Amino acid sequence: MAIEEITGRIAKDLEYLKRYTATPGNGCTRLPFTKEARKAVDYLKELMKDAGLEVSEDVTGNVFGVLKGENPEAPCVMMGSHYDSVVNGGDYDGIAGVICAIEVARQLREQGVKLNRNFVAVGFCDEEGMRFGTGYFGSGAMLGHRDVEYCKKFKDTDGISIYEAMQEYGLDPEMIEQAKWPDNSIGYFMEAHIEQGPVLDTEKIEIGLVDCIVGIQRYMVTVNGRADHAGTTPMDMRMDAVDAATKVISKIPDWAREKADGTVATIGYINTVPGGMNIVAEKCEFTVDIRSKNNDNINDIANRIRAALDREVQMMGGSYEMDTKLVITPVDLSQEMLSIMEESCKEHNYSYKYLPSGAGHDSLEIGQQLPTVMLFVPSREGRSHCPVEFTKYSSFAKASVVMTDLAINLLSR
């Protein structure tokens, strides 16, 4: 199959999917359990059927397409990514990996590859965690890591829980444990993704072989004080939630810089209550996202945040809650699968580089339990999670060729 034809198919699919956004003309906004997500899933189902796959959707909104092998009971080879996006995000993050998985299935059929086990293409629901502040919902459910209480606990900014959103979407959250795949039913997981960073684009390298993914911890912190008049309440008689919160917030980036080694910490959301210009804030909410290849770095920063909050609220006379949204440890990816992809890159004369992933992916959740590998393609200027996110369709085509070679190796076992 000529690379130009593969490029054309991928371009057609991704161009069509661009229409499924809640913010036309201002990036992709495709949050989980929305009408945009439903339309994207329905289109993915059509593509999977056209590729000769047996299609199903599970109780969490994950969509699967199965190319049957001679021994369907053997642990399958699974490939895919997520179909949701952040708000005003890009058109390739996640969804391009789902399209690449479907393209690999096409190439397996066209090449007449003998499959000793099933090949499964998957589109996962809610990897980003944008709506409910969590992440890896669909892939975590597939591994048995999500339950009904989880669905009831986490809510969006409108107070709608995952549980309620699933019901409105037409799913039954009470059945969520049925999303778990049986033990030993998945043998290998593969994911193609845009880099979301500048390395490959800057160095003009075609393929990134991802050898590890950073760990992530996410928290929602609420500092509680007391609302008072901004003009008549003396500074030494206030219980100012913003004053206490910002004293902690200002230290967090420097703690990450101190750790170095690629450790990062981000405060991406801050909200004050009641939010009036002339009112001392009763409450200040903020999120913290900490990432590192070294889990000890993450834990130490989280512990420093707690200690600083203890100190500041005690001085203020208030209180705080630090609600854990996500805890996931760093993961090393399969060296065996990386080596197979490296040989494929050499065979096709694609330039390549080993590199870590500073972003979390479904592979981070899955790689905790299963042999997993990721392949990156260049992101122009490293831009992602924004409307200007761009990757050449030919880059996805090259990725699909390399991953087809890997799939052939794994499926023949």
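In this predicted model, the buried residues of helix α2 pack against α1 (3-17), α3 (95-110) and α6 (162-169), and also against the strands β1 (54-57), β2 (63-67) and β4 (119-124). The buried set in α2 consists of Glu36, Ala37, Ala40, Val41, Tyr43, Leu44, Lys45, Leu47 and Met48. Two charged side chains, Glu36 and Lys45, are thus among the buried residues.

The helix itself covers residues 35-50, 16 residues in total. From first C-alpha to last, α2 reaches 23 Å. That is close to the 22 Å expected at 1.5 Å a residue. After α2 comes Gly52, with a positive phi near 85 degrees.

**The β1-β2 hairpin**

Two of the packing partners of α2 are β1 and β2. These strands pair with each other in the antiparallel sense, over 4 bridges. Ser56 has its bridge partner in β2, namely Phe64. The hairpin has 5 residues between its strands. Here too a glycine has a positive phi: Gly61, near 100 degrees.

**Empty space in the model**

Rolling a probe the size of a water molecule over the atoms shows where empty space is left. How many cavities of 30 Å³ or more does the structure hold? It holds 1. The volume of the largest cavity is about 40 Å³. Its lining is made up of Leu14, Leu17, Lys18, Cys28, Arg30, Asp91 and Ile95. Leu14 and Leu17 belong to α1 (3-17), a helix that the buried residues of α2 pack against. Ile95 belongs to α3 (95-110), another of those partners.

The largest pocket has a volume of about 1,300 Å³. It is lined by 42 residues, and the closest to its centre are Gly129, Met130, Gly133, Tyr269 and Thr287. Four strands each supply at least two lining residues: β7 (215-224), β9 (264-266), β12 (283-292) and β13 (319-328). Which element gives the largest share of the lining? It is β12, with 5 residues. Thr287, one of the residues closest to the pocket centre, lies within the range of β12.

The table sets out both linings by class.

| Space | Volume | Nonpolar | Polar | Charged |
|---|---|---|---|---|
| Largest pocket | about 1,300 Å³ | 13 residues | 14 residues | 15 residues |
| Largest cavity | about 40 Å³ | 4 residues | no residues | 3 residues |

The cavity lining has no polar residues. The three charged ones are Lys18, Arg30 and Asp91. In the pocket lining, 14 residues are polar and 15 are charged.

Conventions: Residues numbered from 1 in each chain as written. Predicted model: local features only at pLDDT ≥ 70, side-chain atom pairs only at ≥ 80, totals over all residues. Heavy atoms only, no water. 1 Å grid on protein atoms, 1.4 Å probe; cavity = no way out; pocket = protein on both sides within 12 Å on 5 of 7 lines; lining within 4 Å. Points joined across faces, edges and corners; volume = space filled by probe spheres on them. Expected span 1.5 Å × (residues − 1). Buried < 20%, exposed > 50% of the residue type's maximum accessible area, 1.4 Å probe, protein only. Contact = heavy atoms within 4.5 Å. Pairing = 2+ DSSP bridges.
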